[in-house]
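This report walks through a protein model for a reader at the bench, moving from the interior to the surface and then to individual bonds. Please keep the sequence and the structure in view while reading.

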Amino acid sequence: MSLEKHIEKVLFSAEVIANRVGQLGSEITSDFSGESESPVFVGVATGACLFLADLVRRIDVPISIDFIRVESYGSGTVSSGAPRISFDLKLDVTNKHVILVEDIVDTGNTLSCLIEHLKSKKASSVSVCTLLDKPSRRKVHFKLVGIGKFYSGFECPDDFVVGYGMDFAEQYRNLSYIGVLKPEFYM
């Protein structure tokens, strides 16, 4: 069965995403072009993998890349509210500018946990670059570190979205766009 039949509607097409990722890349390049220290891009696995890959190819300053994995959803649709780091960084981020790359920020629980974790690793600043932001679902208001900045691709309605790296039960990540999953496929 085609995955297309599982999608209620497309929120952001592949073309719209590509255009916005290019804009974010230009903005980050501009913000970090005068820095002597290369920023470290930390992809929050696995949802941000496609976004991270496309984003860093639009960055025109020296960078490093690493990954971190946080678990809070399992195979459900609602966060447990208690994220835990299940795979940590390989790189030392002491005195580095870190840009956390997320697929989606909703409650803020995971992001708050990650920012505190990077702070404990003595990152000099922590920025966040998220493809989607759901401020209507925010429960935790996170505080960035140092000269950290919040980069957001799109504000997202309070729908259950999949595609472009985002999943339900490890499915739908391979869609080239972001769409709303029909309720019968996740309820």
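## Conventions and backbone

Helices (H or I, at least four residues) and strands (E, at least two) are DSSP runs, numbered from the N terminus. The model is predicted, with local features needing pLDDT of at least 70 and side-chain atom pairs counting only at pLDDT 80 or more, while totals for chains, interfaces and linings use all residues. Residues are numbered from 1 along each chain as its sequence is written, and side-chain values use heavy atoms, with hydrogens and water left out.

A cis peptide bond, with omega of about 5°, joins Ala45 and Thr46, and Thr46 is found in the loop between strand E2 (40–45) and H2. Two residues that are not glycines have a positive phi: Lys122, at about 70°, and Tyr164, at about 50°. Lys122 sits in the loop between H3 and E6 and is exposed, with 54% relative accessibility, whereas Tyr164, in the loop between E8 and E9, is buried at 7%. Here buried means under 20% relative accessible area, exposed means over 50%, and partly exposed is in between (1.4 Å probe, protein chains only).

## Nonpolar cores

In soluble globular proteins, nonpolar side chains tend to be buried together. In this model, the largest nonpolar core has 28 residues, and those with the most contacts inside it are Ile28, Phe41, Phe51, Leu55, Leu131, Leu132 and Ile178. Helix H1 (14–32), helix H2 (49–56), strand E5 (97–105), strand E6 (125–133), strand E7 (150–155) and strand E9 (178–181) each supply at least two residues of this core, and H1 gives the most, with five residues. A second, separate core of 19 residues includes Leu89, Leu118, Val126 and Phe142. A core of this kind is a set of buried Ala, Val, Leu, Ile, Met, Phe, Trp, Tyr and Cys residues joined through side-chain atoms within 4.5 Å.

Leaving aside neighbours within four places in sequence, Phe41 is in contact (heavy atoms within 4.5 Å) with residues including Ile28, Leu52, Leu55, Val56, Ile99 and Val101.

## Two buried residues and their contacts

Tyr172 lies in the loop between strand E8 (161–162) and E9 and is buried, at 6% relative accessibility. Apart from neighbours within four places in sequence, Tyr172 is in contact with Leu3, His6, Val162, Gly163, Tyr164, Met166, Leu181 and Phe185.

Thr110, in helix H3 (residues 109–120), is also buried, with a relative accessible area of 16%. With neighbours within four places in sequence again set aside, Thr110 is in contact with Val70, Ser72, Pro83 and Glu102.

## Salt bridges

The structure holds twelve salt bridges, each being a side-chain nitrogen of Lys or Arg within 4 Å of a carboxyl oxygen of Asp or Glu. In one of them, the side chains of Glu27 and Lys149 meet at 3.1 Å, N to O; Glu27 lies in helix H1 and Lys149 in the loop between E6 and E7, so the pair ties together parts that are 122 residues apart in sequence. Glu27 is partly exposed at 29%, Lys149 is partly exposed at 32%, and these two residues are linked with Asp31 in a network of salt bridges.

Asp88 forms a salt bridge with Lys121, the closest N and O atoms being 3.5 Å apart. Asp88 is in the loop between strand E4 (84–87) and E5, and Lys121 is in the loop between H3 and E6, so this pair ties together parts that are 33 residues apart in sequence. Asp54 is bridged to Arg57, with the closest N and O atoms 2.3 Å apart; Asp54 is partly exposed at 27%, while Arg57 is exposed at 62%.

## Cysteines

Why does a search of the whole structure find zero disulfides? A disulfide is a pair of cysteine sulfur atoms within 2.5 Å, and the sulfur of Cys49 is 15 Å from the closest cysteine sulfur, in Cys129, which is too far for a bond. Cys49 is partly exposed, with a relative accessible area of 31%, whereas Cys129 is buried, at 0%.
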